[in-house]
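Work through the exercises below with the model open beside you. Try each task before reading its solution.

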Amino acid sequence: MNILWDFDGTLFNTYPAYTEILYEILSHTVSKQDIYNHLKISFTHAVQYYDLSEEQVKRLFAMEKAVHPADTTPFPFVEDILKFADLNVIMTHKPRKDVEHILKYYDFEDYFTEIVAIDDGFPRKPDPASYIYLHHKYKIDLVIGDREIDIVPAKSIGIKTCLFQNSTPGADVYLTAYENFFDLTSIAINN
């Protein structure tokens, strides 16, 4: 099975750290749950929703770069799926250097054949251009993401999808924990 992964909130539990950063930038005036919910839609959405100034966005990026990989742990059992897959690729809006830093910290870099990052110049999700590129190159069987914008491009080009910790309609498979991956995906992928 060839799997295309989103990074933040799918492979690694980064949203709690990002929520803390935004909570700090917003001077503790908004609940952490509210911040988390808006980040789960998209980072851009959260920035626009909270009407962050250019200075606040710069501060947010600086604080994000300072987050230690120990504060962005891989989700439990995700490594089992990475080992199982024939091929894994990542498509993320995160800078490549930041992704590679976290992968190296957890000794995960050898699990991935290719990383398509924001540096590569593809349009942002849900535009399907990066997915089309990866699918043509690797014949992707499944896309796993934690937000609707992760599965929309896959659906548009006929790839099966899995939403992680998100019940938005439209996915082929829904997982709340990766320990259930093998039970649920074999049914959906083979249908």
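The exercises cover salt bridges, strand pairing and surface charge.

This is a predicted model, in which local features need pLDDT of at least 70, side-chain atom pairs count only at pLDDT 80 or more, and totals for chains, interfaces and linings use all residues. Residues are numbered from 1 along each chain as its sequence is written, and side-chain values use heavy atoms, with hydrogens and water left out.

**Exercise 1. Salt bridges of K94**

Task: Find the salt-bridge partners of K94 and place each one in the chain.

Solution.
- Step 1. Fix the criterion: a side-chain nitrogen of Lys or Arg within 4 Å of a carboxyl oxygen of Asp or Glu. A search of the whole structure gives 14 salt bridges.
- Step 2. Take D8. Its side chain meets that of K94 at 3.4 Å, N to O. D8 sits in the loop between β1 (2–5) and α1 (15–25), and K94 in the loop between β2 (87–91) and α6, so the pair ties together parts 86 residues apart in sequence. Helices (H or I, at least four residues) and strands (E, at least two) are DSSP runs, numbered from the N terminus.
- Step 3. Take E64. Its closest approach to K94, N to O, is 3.2 Å. This pair also links distant parts of the chain: E64 belongs to helix α4 (residues 54–65), 30 residues from K94.
- Step 4. Check burial. Buried means under 20% relative accessible area, exposed over 50%, and partly exposed in between (Shrake-Rupley method, 1.4 Å probe, only the protein chains shown as cover). K94 counts as buried because its relative accessibility is 6%. E64 is buried too, at 17%. D8 is also buried.

**Exercise 2. A pair between two helices**

Task: Is K65 buried or exposed, and what does its salt bridge with D98 link?

Solution.
- Step 1. Get the distance. The closest N and O atoms of K65 and D98 are 3.2 Å apart.
- Step 2. Locate the ends. K65 is in helix α4 and D98 in helix α6, 33 residues apart.
- Step 3. Compare the areas. K65 has a relative accessible area of 52%, so K65 is exposed. D98 has 15%, so D98 is buried.

**Exercise 3. Strand β4 and its neighbours**

Task: Which strands run parallel to β4, and which residues pair?

Solution.
- Step 1. Apply the rule: two strands pair if DSSP finds at least two bridges between them.
- Step 2. Count towards β5. Four bridges join β4 (residues 142–145) to β5, and the two run parallel. L142 stands opposite K160, and I144 has C162 as its bridge partner.
- Step 3. Count towards β1. Three bridges join β1 to β4, again parallel. I3 has L142 as its partner.
- Step 4. Read the side directions. L142 and I144 point one way from β4, V143 and G145 the other way, and all are buried.
- Step 5. Check β5 (residues 160–164). Four of its five residues are buried.

**Exercise 4. Charges in groups**

Task: Which residues are linked in a network of salt bridges, and where is D107 found?

Solution.
- Step 1. List the network: D6, K40, K125, D146, R147 and D150.
- Step 2. Place D107. The loop between α6 (96–105) and β3 (114–116) holds D107. D107 counts as exposed because its relative accessibility is 56%.
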